[in-house]
Amino acid sequence: MANATFYIVNPDSPQASADGFDAYVLFLVRHFAKQGAKVYINCHDKTHAEQLAEHFWQVEPSEYMAHNLVGEGPRYATNIEIGHQSVKPSWNRQLVINLAENNTTFANKFAEVVDFVPCEEKAKQLARERYKIYRQAGYQLQTIAIEHA
């Protein structure tokens, strides 16, 4: 059965800031990649994808994770691929981490979806809409309040 996990960003958490959120995304990607998952990260747009890719280079060498933007590098080069709304993953990925703020969903396209419920009210409403779509598509749903510092 497919799963969708929504991480709830609390307004007073470090993840409520842009830098804290990006650090948390890298933490999640590292967690899933260590388990052998083939991860696709869906960003807002090309600029956002490039900015996130740059964050991957800013970690300590011991924490570096091989990654590529959609369309860069060999087709099966890495287990972590970063894209955006206008592109598709280069090959079959098991897990998507959705960072886009619109109502895009990945129902029936990935076995595992990671999504977020941000602090801002409009973004929360969009997350609720995605949640409903996943539920209607038969995904097993869960929510997790972020408690990672």
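Here are some questions and answers on the salt bridges of this predicted model.

Residues are numbered from 1 along each chain as its sequence is written. Local features need pLDDT of at least 70, side-chain atom pairs count only at pLDDT 80 or more, totals for chains, interfaces and linings use all residues, and side-chain values use heavy atoms, with hydrogens and water left out.

Q: Why is the contact of Arg-130 and Asp-115 called a salt bridge?
A: A salt bridge is a side-chain nitrogen of Lys or Arg within 4 Å of a carboxyl oxygen of Asp or Glu. Here the N to O distance is 2.7 Å, so the pair qualifies. A search of the whole structure finds 5 salt bridges.

Q: What makes Arg-130 and Asp-115 count as buried?
A: Buried means under 20% relative accessible area, exposed over 50%, and partly exposed in between (1.4 Å probe, protein chains only). Arg-130 has 3% and Asp-115 has 1%, so both count as buried.

Q: Why is Glu-63 called partly exposed, and what is its salt-bridge partner Arg-30 called?
A: Glu-63 is at 39% relative accessibility, so it counts as partly exposed. Arg-30, at 17%, counts as buried. Their side chains meet at 3.7 Å, N to O.

Q: How do you know that Lys-132 and Glu-129 are separated by about one helical turn?
A: They are 3 residues apart in helix 3, which means about one helical turn. Helices (H or I, at least four residues) are DSSP runs, numbered from the N terminus. The two side chains meet in a salt bridge at 3.5 Å, N to O. Lys-132, at 36%, is partly exposed, and so is Glu-129, at 30%.

Key. Helix = DSSP H or I, 4+ residues; strand = E, 2+ residues; numbered from the N terminus.
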